Amino acid sequence: MSRANSAAAVAVPKPADWPQLRVVGHEGQSTGPRFRTVALFGSLFIIIVFVTLLVVAVLHALHVQTQVEIDSVRATNAELESRLTRRLAERAELDAPVGVLDAAAGGGLVEASDLVMLSVVPEGLLAPPAGGDPFSGSSP
């Protein structure tokens with residue numbers, strides 16, 4: 001059977017066949033434009049909701065990225081602060097008398113057998129060195 005024959009075979013009922021059925025509405029008003037208006041507002045509402053959700057998602061992604069950068073800076077600051085604390089403790093140890101002695105021993109210095117006070121000697125009172133000038137670089 002072809003489509004043309006099947007369409008002709010189906011009888012389309014006329015409104016007179018169903019007298020108890022009628023279109024409800026105001027006089028002179030069709031149901032078409034009202035349906036289009038509701039559909040338009042519904043579509044606009046759905047579009048606004050999706051755009052709002054998209055904006056919220058973008059703002060959330062920016063917030064997360066910013067928080068990651070802040071956490072990275074805080075971690076770097078914590079590491080630098082711990083290094084600074086270690087260096088300050090090391091410096092305080094080296095500035096202490098025990099630290100000075102340890103650093104001197106580590107550098108090859110030895111303790112003197114007795115305490116010698118250095119003082120300025122006026123010119124002409126000091127005997128010349130026995131082995132020649134110690135600063136000339138040549139030996140006698």
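Helices are taken here as DSSP runs of H or I spanning at least four residues and numbered from the N terminus, and this numbering is used throughout for the predicted model. By that criterion the chain contains 3 helices and 0 strands, so that the order of elements, read from the N terminus, is α-α-α.

Confidence is uneven along the chain. The mean pLDDT is 81, and 71% of the residues reach a score of at least 70. Helix 2 has the highest confidence, at 91, whereas helix 1 (residues 3–9) has the lowest, at a mean of 57. Where pLDDT is low, predicted coordinates should not be interpreted in detail.

Little of the chain is covered. Among its 140 residues, 1% are classed as buried, and the accessible surface amounts to about 13,600 Å², with carbon and sulfur atoms contributing 66% of that area. Helix 3, which spans residues 97–106, is likewise hardly covered, the count of buried residues among its 10 residues being 1. Just after helix 3, the backbone at Gly108 adopts a positive phi of about 95°.

A nonpolar patch of about 1,100 Å² is found on the surface, and the residues that make it up include Leu40, Phe41, Leu44, Ile47 and Ile48, together with Val51, Leu54, Val55, Val58, Leu59 and Leu62. Of these residues, Leu44 is located in helix 2, the element that comprises residues 31–95. Leu44 has a relative accessibility of 41% and is therefore counted as partly exposed, since this class lies between the limits of 20% and 50%.

Charged side chains also pair within helix 2. Side chains of opposite charge can pair when their charged atoms come close, and the structure holds 2 salt bridges. In one of them, Arg87 is joined to Glu90, with a distance of 3.6 Å between the closest N and O atoms. Because Arg87 and Glu90 are 3 residues apart in helix 2, about one helical turn separates them. The accessibility of the two partners was computed separately: Arg87 is exposed, at a relative accessible area of 54%, while Glu90, at 40%, is partly exposed.

The other pairing involves Arg91 and Asp95, whose side chains form a salt bridge with an N to O distance of 3.8 Å. Arg91 and Asp95 are 4 residues apart in helix 2, and this spacing again corresponds to about one helical turn. Both Arg91 and Asp95 are exposed, which means that each has a relative accessible area over 50%.

Note on methods. Residues are numbered from 1 along each chain as its sequence is written. This is a predicted model: local features need pLDDT of at least 70, side-chain atom pairs count only at pLDDT 80 or more; totals for chains, interfaces and linings use all residues. Side-chain values use heavy atoms; hydrogens and water are left out. Patches are made of residues with over 30% relative accessible area and no salt bridge: like charges are joined within 9 Å, nonpolar side chains (Val, Leu, Ile, Met, Phe, Trp, Tyr) within 5 Å. Accessible areas come from the Shrake-Rupley method with a 1.4 Å probe; for residues, only the protein chains shown count as cover. A salt bridge is a side-chain nitrogen of Lys or Arg within 4 Å of a carboxyl oxygen of Asp or Glu. Helices (H or I, at least four residues) and strands (E, at least two) are DSSP runs, numbered from the N terminus. Buried means under 20% relative accessible area, exposed over 50%, partly exposed in between (1.4 Å probe, protein chains only). pLDDT is the predictor's confidence in each residue, from 0 to 100.
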